[in-house]
Amino acid sequence: MLGPSAHLDSFARDNLPPMADWPDLLLDGFDYPERLNAAVELTDRMVEKGFGDRTALIGNGRRRTYKELADWTSRIAHVLVEDYGVKPGNRVLIRSANNPAMVAAWLAATKAGAVVVNTMPLLRAGELGQIVDKAEIGLAVCDTRLMEDMVACAKASRFLEQVVGFDGTANHDAELDRAALAKPVTFDAVETGRDDVALLGFTSGTTGAPKATMHFHRDILIIADGYAKEVLGVTPEDVFVGSPPLAFTFGLGGLAVFPLRFGASAALLENASPPKLIEIIEEHGATVCFTAPTAYRVMLKAMEEGADLSSLRAAVSAGETLPAPVYEEWMEKTGKPMLDGIGATEMLHIFISNRFGDSHPACTGRPVTGYEAKIVDDQMAELPRGEVGRLAVRGPTGCRYLADPRQRHYVRDGWNITGDSFRQDAEGYFHFAARNDDMIQSSGYNIAGPEVEAALLAHEAVLECAVVGAPDPDRGQIVEAHVVLAEGVAPDAATVLRLQEHVKATIAPYKYPRRIVFAAALPKTQTGKIQRFRLREDDA
């Protein structure tokens, strides 16, 4: 049963899926009061605990202490309520790159009891319009440098009535900022229920209508009190950096929720390219980094040229499965493990992970405390250890789509079916095989693309690669590798043969790439995730 709600606008609760379609929620050990506002816990409560003078956020020339963040978010909350009429339960869209001002806007809207939808700069007016229509959003708060598409969206929308600009730089030269400067630094935050929806996370899916995942106030704290506490062991001395957009739940957790929950700091980058990440790690002595394996490969090369990454105690691999060669090279050069894990927008954050002192190459690890996982077939029957099947997971968070029939595809028999193929070994560790749609069926064999990628990446001639199944009249599909070569390597037939023979010698010969396509770069999302679907579309 859901607890009490403070939402005057009941849209979110009204559009939760039927209870019968929810996953089982395992909440033992995650006890929160019925009335809970996640933003208060991450700001005002931290000041009460004595963290007021400590740095919370760094970026774009700004350095905000916890006290400054608490005060500024209270000022903005006043503006949202008093000047723009935000009522508890209203949806508020935020459009910005990663910077302290975006975090402040998110926290302020959450203090005001709004349901926040964070979006990233790459989205255009049409894509924003889909989100606005799905969530029936009436107010957008936007970095003034990104107003064009937001205004265009508003002009075409029957829901979006107001677009307010804020200053994402070190100044306060925007409408929202100027209004906030005139407001009090205290705000009576809305006493939302722990089961009130606080956040709508839109999936970064590649096809079809967007899906919005619904997350409660308690969910935001659960990912910190679970994964961040148990696996990362966050302390107030930590400085977080990373490349995932705050608009994605993975980035919001890793670069805002986790540090703020434990009195740590986050150094935010609008352009989190590997060279910029290296620069900010060195400048601020960052200790925890979230980025993709491809970025870590660049960082490893930079270490050979003198980059100092010795301050990092935790390198969390995100966005793509972590190839064993990258893990092993990182261990060799730093002496510290790289923590691979798997999460999902539907689950809010990571639910299976390696640990310090218990990490292995080509292994995703064990379930985070509170979660259970198993490998099942298409009929939900559990498979024997060692067999590849669908990953099913349940725990304190789980999938709740906003008014979407696809809820029944993601949740079956109380379990979340993530869309990933895994196997579980005899010791209970989980090993990623592929996304279900990345499994290649060739001449009766099931071949996991990431396994072939790992074999290719172990060759010194390969800088990056992506493996897909290409249509073939005789075999159904063949293994096709798109390869970015290391500097100075010739993209010729001799290199093709050398790479093919290397794969045959590394894994079962039938898995070798029968076709190799050389590329200058691979298509990627803003989070660094390789867009294999685009490679498949090119083949089609």
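This report walks through a few residues, two nonpolar cores, a hairpin and a pocket in the structure above. Please keep in mind that the model is predicted.

**Two residues in contrast**

Let's start with Arg400, which sits in the loop between strand S17 (389-394) and helix H14 (407-410). Arg400 counts as buried because its relative accessibility is 1%, and buried means under 20%. Its side chain makes a polar contact of 2.6 Å with the side chain of Asp219. Setting aside residues up to four places away in sequence, Arg400 also touches a run of others, including Ala212, Thr213, Met214, His215 and Phe216. Among its further partners are Leu16, Pro17, Trp22 and Leu25, along with Gln407.

Met331 belongs to helix H13 (residues 324-334). With a relative accessibility of 31%, Met331 counts as partly exposed. Beyond its neighbours within four places in sequence, Met331 is in contact with Lys336 and Pro337. If you would like a distance to check on screen, the C-alpha atoms of Met331 and Ala70 are 39 Å apart, with these positions 261 residues apart along the chain.

Here are the two residues side by side.

| Residue | Element | Relative accessibility | Class |
|---|---|---|---|
| Arg400 | loop between S17 and H14 | 1% | buried |
| Met331 | helix H13 | 31% | partly exposed |

**The nonpolar cores**

In soluble globular proteins, nonpolar side chains tend to be buried together. Here, the largest nonpolar core has 91 residues, and Trp106, Leu232 and Phe258 touch the most other members. Not counting residues up to four places away in sequence, the contacts of Trp106 include Leu42, Ile94, Val116, Leu199 and Ile220. Trp106 also touches Asn118, as well as Leu252, Ala256 and Val257. There is a second, separate core of 33 residues, with Leu93, Leu123, Ile137 and Val197 among its members.

**A hairpin**

Strands S1 (residues 55-59) and S2 (residues 62-65) pair in the antiparallel sense, with four bridges. Within this pairing, Ile58 stands opposite Arg63 in S2. Two residues lie between the strands of the hairpin, and Asn60 takes a positive phi near 50°.

**The second largest pocket**

Which residues lie closest to the centre of the second largest pocket? Of the 45 residues in its lining, they are Phe432, Ala433, Ala448, Pro450 and Glu451. The space in this pocket comes to about 860 Å³. Helix H15 (residues 449-457) gives the most to the lining, contributing six residues.

Note on methods:
Residues numbered from 1 in each chain as written. Predicted model: local features only at pLDDT ≥ 70, side-chain atom pairs only at ≥ 80, totals over all residues. Heavy atoms only, no water. Buried < 20%, exposed > 50% of the residue type's maximum accessible area, 1.4 Å probe, protein only. Polar contact = N/O pair within 3.5 Å; in protein donor to acceptor, adjacent residues only side chain to side chain. Contact = heavy atoms within 4.5 Å. Core = buried A, V, L, I, M, F, W, Y, C linked by side-chain atoms within 4.5 Å. Pairing = 2+ DSSP bridges. 1 Å grid on protein atoms, 1.4 Å probe; cavity = no way out; pocket = protein on both sides within 12 Å on 5 of 7 lines; lining within 4 Å. Points joined across faces, edges and corners; volume = space filled by probe spheres on them.
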